[in-house]
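Here's a handful of exercises to work through with the model open on your screen. Try each task before you read its solution.

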Amino acid sequence: MSNGFETLAIHAGQEPDPLTGAVVPPIYATSTYKQDGVGGLRSGYEYSRSANPTRTALEEALAAVEGGVRGLAFASGLAAEDTILRTVCKPNDHVVIPNDAYGGTYRLFAKVNERWGLRYDPAPLGDIDAVAAAVTQKTKIIWVETPTNPLLGIADIAALAELAHSCGALLVVDNTFASPYLQQPLALGADIVVHSTTKYVGGHSDVVGGALIARDQGLADELAYHQNAMGAVAGPFDAWLTLRGLKTLGVRMDRHCDNAERVVDLLLAHPRVTEVLYPGLPEHAGHEVAAKQMKRFGGMVSFRVEGGEQAAVDVCNRAKLFTLGESLGGVESLIEHPGRMTHASAAGSPLEVPADLVRLSVGIETVDDLLEDLTQALG
């Protein structure tokens, strides 16, 4: 019997506890496990860096909702990303990255892995020819965010998968902004999906985590080997919180999308807003691709304001119900100035973001209250 997304999110990897019948997987707060004789492991558990039952439940659920053969849970999204790079690449290899990637991803490439000898080039992922031109004989990965952070650009996952595979490279898709509820990259040809589960998957701004889900068993096993060897795993309580969040992802994303669409309407009509960036808009350059590969268009909205950088900063500072803060994807609405906050590490680089840009993570509050707060913040 095939199950729908919400059924998988609630039940996959989460059978009632065989000892007590508890319907919620227990938090296995243990570092080690009794062995039944030397090498006699119970259900394969020996040490919680290598595996923990609470983490296993999360990993099985993540694999199920993304349609992968195996999921892996990490201490953060960046720990997951670093594990991909050190599994797949070696010094002097090359990666194509988005020209408006998340600032932390850019920092990982530019300040950490470049010193190790990993080369990279940014490219506009919405332009297949430009991506193809950036590929070299050393390219091992085409790295995709769609929608991108913070400019909400859209990349055609199926077309990029075909390009990557024709070049002998892997396609890695950061699915954090869309979430597995709105977008299924593996079904479109991606090889690995990466998440900051801190965001929509966890959904409550109370846990930091990351995840990888792979389409191929051999690649999944390589990633799992490096997960254990490098050790940046999700702890059992973090895994439990993330699993709790995943159960309600579908209903939360529906409300995030509903509210974001109302916010977009307000921004389009406001005289101080010079541009609204949202893939749900017919005039958005990636709208047709987004409509083809996404269920809906998400809860993230970016916009530019007249008056330049200070005007954008002032909007952020005047907001009250929209909390001024980094991160995204929680039930509460957030506002931030990417140039000075989440993307400060990209200042002066080809990935520098516009100074007059404001980014919103639209939460699930009463939408009229959000609209009222934005109206007063815009002045």
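**Exercise 1. Find the order of the strands in the seven-stranded open sheet, then its edges.**

Step 1: Start with the ground rules. This is a predicted model, where local features need pLDDT of at least 70, side-chain atom pairs count only at pLDDT 80 or more, and totals for chains, interfaces and linings use all residues. Residues are numbered from 1 along each chain as its sequence is written, and side-chain values use heavy atoms, with hydrogens and water left out.

Step 2: Fix the terms. Strands (E, at least two residues) and helices (H or I, at least four) are DSSP runs, numbered from the N terminus. Two strands pair if DSSP finds at least two bridges between them.

Step 3: Trace the order, which reads β1-β7-β6-β5-β4-β2-β3, with mixed pairing. The edges are β1 (70-74) and β3 (119-123), each of which pairs on one side only.

Step 4: Check the twist. Ignoring direction, neighbouring strands of this sheet are turned by 20° against each other on average. Axes here are lines fitted to C-alpha atoms (for helices, over the stretch in contact), and angles run from 0 to 180 degrees between N-to-C directions.

**Exercise 2. Describe how β1 pairs with β7, and say which helix lies across them.**

Step 1: β1 and β7 (residues 210-214) run antiparallel and are joined by five bridges. To see the register, look at A73, which stands opposite A211.

Step 2: Now add helix α2 (residues 53-66), which lies across β1, β6 (192-196) and β7. Its direction is at about 130° to β1.

**Exercise 3. Work out what surrounds S48.**

Step 1: Locate S48 in the loop between α1 (5-11) and α2.

Step 2: Is S48 buried or exposed? S48 is buried, as its relative accessible area is 14%. The classes are buried (under 20% relative accessible area), exposed (over 50%) and partly exposed (in between), with a 1.4 Å probe and protein chains only.

Step 3: List the neighbours. Not counting residues up to four places away in sequence, S48 touches T30, S31, Y33, R55 and V233, where contact means heavy atoms within 4.5 Å.

Step 4: Pick out the T30 pair: a polar atom of the S48 side chain lies 2.7 Å from the backbone oxygen of T30.

**Exercise 4. Count the disulfides.**

Step 1: Take the cut-off, a pair of cysteine sulfur atoms within 2.5 Å. The count comes to zero.

Step 2: Look at C89, for which the nearest cysteine sulfur is that of C167, 14 Å away. C89 is buried at 6% relative accessible area, and C316 is buried too, at 2%.

**Exercise 5. Which element has the lowest mean pLDDT, and how enclosed is it?**

Step 1: pLDDT is the predictor's confidence in each residue, from 0 to 100. The mean for the protein chain is 96, and 99% of its residues reach 70 or more.

Step 2: Helix α4 (residues 103-113) comes lowest among the elements with a mean of 94, while β7 is highest at 99.

Step 3: Eight of the eleven residues of α4 are buried, so this helix is largely enclosed by the rest of the structure. Among them are Y106, L108 and F109. The cover over these buried residues includes α3 (77-88), β2 (94-98), β3 and β4 (139-145).

**Exercise 6. Give the strand order of the five-stranded open sheet and the sense in which β10 and β11 pair.**

Step 1: The order is β8-β9-β12-β11-β10, and the pairing is mixed. At the edges sit β8 (273-277) and β10 (323-324).

Step 2: β10 and β11 (residues 334-336) pair in the parallel sense over two bridges, with I335 as the bridge partner of L324.

**Exercise 7. Hunt for unusual backbone geometry.**

Step 1: Keep the background in mind: most residues other than glycine have a negative phi, and most peptide bonds are trans.

Step 2: Scan the loop between β4 and α6 (157-166), where P147 is found. T146 and P147 are joined by a cis peptide bond with omega of about -5°. Another cis bond joins N149 and P150, with omega of about 10°.

Step 3: In that loop lies L152, whose phi is positive at about 55°. L152 counts as buried at 2% relative accessibility.

Step 4: Move on to S327, in the loop between β10 and β11. Its phi is also positive, near 80°, but S327 is partly exposed, at 28% relative accessible area.

Methods
A polar contact is a pair of N or O atoms within 3.5 Å; within protein, one must be able to donate a hydrogen and the other to accept it, and residues adjacent in sequence count only if both atoms are side-chain atoms.
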